[in-house]
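Me: Could you take a close look at one part of this protein for me, the strands and the side-chain contacts around them? I work at the bench, so please spell out the cut-offs as you go.

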Amino acid sequence: DRRVHFDARLMRDLIRIVIRDEGRGFDTRAALQEQASDAMTSEHGRGLVLMRNFMDKVTFNGSGNEVTLIKQCLPR
């Protein structure tokens, strides 16, 4: 019964995406400290590895139920 909230902003110099759900969240500090090689072989954490590799900046809110993804865009 949870909802997912999504906001995407496309600007000339960057793309900003915010995704939030109504869940309890998770401990983002522990997840971000896990090594990429460990996450790819475990049951959890692959999505975080992919986000960190493809985006320029990945941040979470304090409760861990919202992620902000930023990708810088080079002007033509």
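Reply: Happy to help; here is a walk along the strands, their salt bridges, an aromatic pair and the largest pocket.

First, a word on the source: this is a predicted model, in which local features need pLDDT of at least 70 and side-chain atom pairs count only at pLDDT 80 or more, while totals for chains, interfaces and linings use all residues. Residues are numbered from 1 along each chain as its sequence is written, and side-chain values use heavy atoms, with hydrogens and water left out.

Let's begin with the strands. Helices (H or I, at least four residues) and strands (E, at least two) are DSSP runs, numbered from the N terminus, and two strands pair if DSSP finds at least two bridges between them. Strand E1 (residues 4-10) runs antiparallel to E2, with 7 bridges, and the two make a hairpin with 3 residues between them. E2 also pairs with E4 in the antiparallel sense, again over 7 bridges.

Arginine 20 is a good place to see both pairings. Histidine 5 has arginine 20 of E2 as its bridge partner, and arginine 20 in turn has glutamate 66 of E4 as a bridge partner. The side chains of arginine 20 and glutamate 66 also meet in a salt bridge, 3.5 Å from N to O (a side-chain nitrogen of Lys or Arg within 4 Å of a carboxyl oxygen of Asp or Glu). Because glutamate 66 lies in strand E4 and arginine 20 in strand E2, the pair ties together parts that are 46 residues apart in sequence. Both ends are partly exposed, with relative accessible areas of 22% for glutamate 66 and 32% for arginine 20 (buried is under 20%, exposed over 50%, partly exposed in between, with a 1.4 Å probe and protein chains only).

By this rule the count comes to 4 salt bridges. Arginine 16 forms one with aspartate 7, with the closest N and O atoms 3.6 Å apart. Arginine 16 is partly exposed at 30%, as is aspartate 7 at 25%. Asp7, Arg9 and Arg16 are linked in a network of salt bridges. Lysine 71 and aspartate 56 form another, at 3.9 Å between the closest N and O atoms. That pair links lysine 71 in strand E4 to aspartate 56 in the loop between H3 and strand E3 (57-60), 15 residues apart.

The whole structure holds 1 aromatic pair (ring centres of Phe, Tyr or Trp, the last by its six-membered ring, within 6.5 Å; planes under 30 degrees apart are stacked, over 60 edge-to-face, the rest tilted). Phenylalanine 26 and phenylalanine 60 meet edge-to-face, 5.7 Å centre to centre with 80° between the planes. Phenylalanine 26 lies in the loop between E2 and helix H1 (28-33) and phenylalanine 60 in strand E3, so the pair ties together parts 34 residues apart in sequence.

Finally, about 200 Å³ of space lies in the largest pocket (an open set of points on a 1 Å grid over the protein atoms alone, with protein on both sides within 12 Å along at least five of seven lines; lining residues have an atom within 4 Å of a point). Of its 16 lining residues, the closest to the centre are Asp21, Phe26, Gly64, Asn65 and Val67. Strand E2 (14-21), helix H3 (46-54) and strand E4 (66-72) each give two or more residues to the lining.

Conventions. 1 Å grid on protein atoms, 1.4 Å probe; cavity = no way out; pocket = protein on both sides within 12 Å on 5 of 7 lines; lining within 4 Å. Points joined across faces, edges and corners; volume = space filled by probe spheres on them.
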